[in-house]
Amino acid sequence: VELPEKTRAALDSIEQQFDLPTKKLEEIVEQMLWEFGKGLSEQPTKETKDTFMPMIPTYLQHIPSGKETGTFLALDLGGTNLRVCEVTLLGDSKWTMRQQKYKVSQALKMGEVAALFDYIANSVDQFLTEIGTTGDPNEKLYLGFTFSFPVAQTALAKGTLINWTKGFECKNAVGKDVAQLLQDALDRKHIHVKCSALVNDTAGTLMAAAYERGDCLCGGIFGTGTNGAYVEDVAKITKESKTKEELEQAKKDGLDKMVVNTEWGAFDNERVVMPFTIFDSRVDRISINPRKQAFEKMISGMYLGEVTRNVVLHLVDAQVIFKGFSSKSLNAHYGLDTAIMSALEAFSLPNSDSAADPIASIRKCITKDLGIADELVSDADCVAVARVSEIVGTRGCRLSACALAATIKQTGNDKSDKEVKFGLDGSLVEFYPRFDQRVKDALRELLGEDVVKRVVIDLAKDGSGVGAALCAQAAMAME
Ligand code: ADP
């Protein structure tokens with residue numbers, strides 16, 4: 001398709017604004033390493049909390065080998081539903097699972113926290129009654145609790161809620177230990193279950209990946225949001241202020257590593273290094289958390305489509321595409337779901353149905369999903385919209401690569417000769433076309449082919465099920 005001069009010029013300009021040359025990527029990785037270091041050495045205060053990532057110690061110190069066995073419960077609160085699972089680890093990197101979902105009503109989300117946890121305990125009870133457990137009835141079942149809200153963790157099974165998010169507003173919860181709240185509720189009902197681990201979903205992802213495929217350096221999520229957890233030397237978590245003797249003892253006991261939850265979605269909130277376009281600023285300004293989660297807003301599923309929508313609207317307003325007309329869904333905030341970007345770019349996948357006639361498949365997306373009248377859409381417009389999606393998405397993948405590169409450098413794996421494994425989960429990893437190829441291209445620019453050859457990126461699903469069960473197993477092993 002021949003692009004009119006005006007379209008080409010507009011795309012060139014967009015491309016320039018979203019461009020991340022290797023040198024910029026290197027600067028971003030350097031700044032990220034600086035934030036890693038700050039977060040590992042300093043407790044954030046009110047004044048400093050936006051200047052570096054929290055780097056939260058998880059107190060998880062046993063990375064699975066795949067040989068773990070036993071039956072455990074996993075509980076996941078924070079998504080649409082409450083999920084209860086029974087996971088049996090078979091010890092050969094395999095597992096079986098039975099699960100049930102329970103609805104969390106609006107009333108429970110807004111009411112007394114005790115009522116919420118009573119409901120959770122009831123659900124566990126109901127699950128065990130209906131499904132029965134394959135575990136030993138005389139033994140207490142250990143439970144890993146994936147609680148996807150901000151928590152200040154102080155032990156594997158201890159952490160206080162900092163604040164609610166995602167529509168939860170229960171009273172008398174902030175500042176309380178959520179593992180204890182769950183345990184109290186379980187005890188009130190005489191349920192023979194012990195909440196032995198409070199789990200962040202990234203740490204769960206890392207554990208699940210390690211169990212299934214061996215040694216794993218980092219678990220990451222690229223879904224609604226983005227975050228990662230990796231295996232760090234305890235000696236480098238200096239804000240925990242351990243003495244030399246304690247560190248030596250830890251080494252002897254095989255406890256010299258710990259999983260750290262980076263909260264990398266909050267990288268560069270102070271805008272030191274990342275190039276924010278006017279489109280990013282528009283997305284940020286009307287978001288529920290302006291000036292927060294800066295990195296996440298250029299990368300994750302919740303925002304990529306919104307950035308793309310803003311660029312597409314700009315092309316409409318500049319009379320470059322759709323004869324200057326928009327549509328109701330294109331005008332609506334968050335009216336372009338990131339899944340549409342996957343559809344727009346599906347033709348770039350070698351075996352996709354849309355590879356045969358890319359223009360037709362893009363046109364279908366624009367008219368059907370974005371609601372633009374067919375007669376307004378030229379073939380050049382189709383090329384332009386898909387190209388915008390690719391530009392925004394590629395920037396996201398290249399930034400994602402910076403988080404991986406920083407983790408590799410932080411842990412000295414750029415200089416080792418070992419395989420470096422990442423277990424990643426989320427819709428972008430799973431569905432966004434060429435996600436891992438784009439990430440690896442940027443990694444290659446940053447670290448060179450020799451390092452990239454050693455990097456393995458696996459899709460690691462269900463950190464909040466299998467991963468949380470493995471955390472419960474780790475807790476048991478530590479007793
Ligand atoms: P979560 O992170 O909430 O556990 P997901 O990993 O499914 O869940 O991520 C959901 C996000 O991914 C949403 O923001 C959605 O817009 C986006 N998404 C859903 N489907 C796709 C897709 N096919 N391609 C790219 N992004 C998608």
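Angles between a helix and a strand are taken here between N-to-C directions and run from 0 to 180 degrees. With that in hand, this predicted model can be walked through, starting with helix α5. Helix α5 (residues 178-188) lies across β5 and β8, and its direction makes about 160° with that of β8.

The sheet under that helix is an open one with five strands, ordered β4-β3-β2-β5-β8, and its pairing is mixed. At the edges stand β4 (95-103) and β8; each has a single partner strand, so one side of each is left without a neighbour in the sheet. From one strand to the next the twist averages 25°. A second helix, α4 (residues 113-131), also packs on this sheet, where it touches β2, β3, β4 and β8, with its direction at about 50° to that of β3.

Strand β5 (residues 141-147) is a good place to look more closely. Seven of its seven residues are buried. L141, L143, F145 and F147 point one way from the strand, while Y142, G144 and T146 point the other way, and all of them are buried. This fits the usual pattern, since side chains in a regular strand alternate between the two faces of the sheet. On one side, β5 pairs with β2 (residues 69-77) in the parallel sense over five bridges, and L75 stands opposite F145. The pairing of β5 with β8 (residues 193-199) is parallel as well, with six bridges joining the two; here K194 of β8 is the bridge partner of Y142. Elsewhere in the sheet, β3 (residues 81-90) and β4 run antiparallel and pair over nine bridges, with E86 opposite R98 in β4.

Two loop residues around α5 have backbone angles worth a remark. N172, in the loop between β7 (158-161) and α5, has a phi near 60°, a positive value in a residue other than glycine. H190 sits in the loop between α5 and β8, and its phi, near 55°, is likewise positive in a residue other than glycine. As for their surroundings, N172 counts as exposed because it has 11 C-beta neighbours inside 10 Å, and H190 counts as exposed because it has 8.

Stepping back to the whole chain, the domain assignment of the protein gives domain 1 (1-58 + 213-461) and domain 2 (61-199). Taken over C-alpha atoms, the centres of the two domains are 30 Å apart. Contact between them involves nine residues of domain 1 and four residues of domain 2. On the domain 1 side, β1 (56-57) and β11 (257-261) each supply at least two of the touching residues. That side is made up of six nonpolar residues, two polar ones and one charged one.

Both of those strands turn up again in another open sheet, this one with six strands in the order β1-β11-β10-β9-β12-β13 and with mixed pairing. Its edge strands are β1 and β13 (455-459), each of which pairs on one side only. Within the sheet, β9 (residues 218-222) and β12 (residues 420-425) pair in the parallel sense over four bridges, and F422 in β12 is the bridge partner of C218. Helix α6 (residues 201-213) lies across β9, β10 (226-233), β11, β12 and β13, and runs at about 125° to β9.

Next comes the ligand. It is surrounded by 13 residues, the closest being G223, G301, S342, S427 and F431. Three helices, α9 (301-317), α11 (338-344) and α14 (427-431), are the elements that give two or more residues to this shell. By residue class, the shell holds five nonpolar, seven polar and one charged residue.

One last residue, D441, belongs to helix α15 (residues 435-447). Is D441 buried, exposed or partly exposed? With 16 other C-beta atoms within 10 Å, D441 is partly exposed, because a residue needs 20 or more to count as buried and 12 or fewer to count as exposed. D441 and V452 are 11 residues apart along the chain, and their C-alpha atoms are separated by 8.8 Å.

Technical notes
Residues numbered from 1 in each chain as written. Predicted model: local features only at pLDDT ≥ 70, side-chain atom pairs only at ≥ 80, totals over all residues. Domains from an automatic or database assignment. Contact = placed C-beta atoms within 7 Å. Nonpolar A, V, L, I, M, F, W, Y, C, P; charged D, E, K, R; others polar. Pairing = 2+ DSSP bridges. Near = placed C-beta within 6 Å.
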